[in-house]
Amino acid sequence: MELEAKKWGFQGKQELNAPTITVRGALKLLTANINKDNSSPVVPLGLSDPSNFPSFRITPAAEDAVVDAVRSGKHNCYAPTVGILPARRAIADYLNRDIPYKLCPDDVYLTVGSKQGIEIVTSVLSRPGANILLPRPGFPYYEHWCAYNNLEMRHYDLLRENGWEVDLDAVETLANANTVAMVIINPGNPCGNVFSYEHLNKVAETARKLGILIISDEAYDSIAFGSTRYVPMRVFGSTVPVLTLGSLSKRWIVPGWRLGWLVTSDPNGILQNSGVIDSIIGYLNISSDPATFIQAAIPQILENTKEEFFSKIMCLLREGADICYNRIEEMPCLTCPNKPEGSMFVMVKLNLSMLEDINDDIDFCLKLAKEESVIILPGRAVGMKNWLRITFAVESRLLRDGLERVKAFCQRHAKKQ
Ligand SMILES: *Cc1c(COP(=O)(O)O)cnc(C)c1O
């Protein structure tokens, strides 16, 4: 047997079985830990996919757009690798709402969700010795793809005492001649923060000084319901080249439709001259595309999803953020440094010294799943040990119920005075 095994000349790729914990992996572990005998419903506060809740359902007009595209029989073909023109044009128009210069269809590349956008940017920018600056806490998909592409990552902190703004001093210290880009996520996952115009301006100036491009993850584009107005990074495209990642997943609440975009904002042609555009096109030529009928439905989806759909979702999320923040304030063992103003998440600090028999964030989440059937993501999965990431994008009744159970759990495990 042993001799025979030695003949096989292959093995799995190391970077893909790295022992880092993934968001999906952590949630799977927690779900497996739920006590099946517990009759109360599971409260999923781990993942931002409210698509199964009736109040978050996409407007029927957008569903009709997809049905029409399928039924027309015109979109059973392969699409051009960059995406079909009507969809690229519709997305360019949609994104042109409030920027000082105009994007054209050629600036827009269709992707299989913004996750594929992350694969593309990390692949295109990786070369021996290069490094990239990532936020901490952040969205771990970046870390996984950087590891896969051997792109060295350096982490800058988001400052909790400054509303989770970028630590720009750290960015300047971390960057060197081999730094190619910095990633920002705005509105923020996992912190629920929204960067102000002034802060984004400083980010742009810093990146310009360092000669690096900005990758702006805008998966939560326009999902801002607090006092800070959402501003897309591409507003500063003439200061510094910007690659924007966006998708239908979060704003339209259809993550399963797998339609995203990678957009270049670069009126000075720096990306073109450095070959980045050619590499993006080259990558798209060898990877796979979003389904053609979804691409074909895009112009109608964008046109027919009316403002009232978005404002309803914004109300639900604002209410969810309020419930979450207020309930957490009532729990001494949890601290929420900033009330969320956008996205679907909030970061909460675990005060371990007030809890008995809880070792860390993972232990907290495992016991919470087991005893209360509530799923919350341990902060470690997003780069912050002994913190928690909670999503408030769930039906408010369920959210209240879930947080009530978190409170009961914390009281039961509180250190006796
Ligand atoms: C959800 C999410 C994505 C990916 O979403 P897609 O469904 O692939 O568009 C990317 N970045 C962040 C920060 C996200 O939260």
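**A tour from the whole fold to helix 12**

Start with everything shown: with 417 residues, a compact globule would have a radius of gyration near 22 Å, and the protein has 22 Å, which agrees. Keep in mind that this is a predicted model. Turn it along its principal axes. The C-alpha trace spans about 65 × 60 × 55 Å.

Switch to cartoon. You will find 14 helices and 13 strands. Now display contacts between residues at least 6 apart in sequence; 74% of them join residues at least 24 apart.

Next, show the surface. Its accessible area comes to about 18,600 Å². Carbon and sulfur atoms account for 52% of that. Underneath, 55% of the 417 residues are buried.

Color the charges. There are 44 positive and 47 negative ones. Their mean positions lie 3 Å apart.

Now select residues 307-329. This is helix 12, with 23 residues. From first C-alpha to last, helix 12 reaches 33 Å, close to the 33 Å expected at 1.5 Å a residue.

Which residues of helix 12 are buried? Show side chains for F309, F310, I313, M314, L316 and L317. Continue with G320, A321, I323, C324, Y325 and I328. As you look down the axis, remember that an α-helix has 3.6 residues a turn, so residues three or four places apart point the same way.

What do the buried residues of helix 12 pack against? Add these selections one by one:

- strand 10, residues 334-335
- strand 11, residues 345-350
- strand 13, residues 387-391
- helix 14, residues 396-412

Finish with helix 12 and these four partners on screen together.

Conventions
Residues are numbered from 1 along each chain as its sequence is written. This is a predicted model: local features need pLDDT of at least 70, side-chain atom pairs count only at pLDDT 80 or more; totals for chains, interfaces and linings use all residues. Side-chain values use heavy atoms; hydrogens and water are left out. Helices (H or I, at least four residues) and strands (E, at least two) are DSSP runs, numbered from the N terminus. The radius of gyration is taken over C-alpha atoms; the globule rule is 2.2 Å times the number of residues to the power 0.38. Buried means under 20% relative accessible area, exposed over 50%, partly exposed in between (1.4 Å probe, protein chains only). Contact means heavy atoms within 4.5 Å. Accessible areas come from the Shrake-Rupley method with a 1.4 Å probe; for residues, only the protein chains shown count as cover. Lys and Arg count as positive and Asp and Glu as negative; His and the chain ends are not counted. The place of a charge is taken as NZ of Lys, CZ of Arg, CG of Asp or CD of Glu. The expected span of a helix is 1.5 Å times one less than its number of residues.
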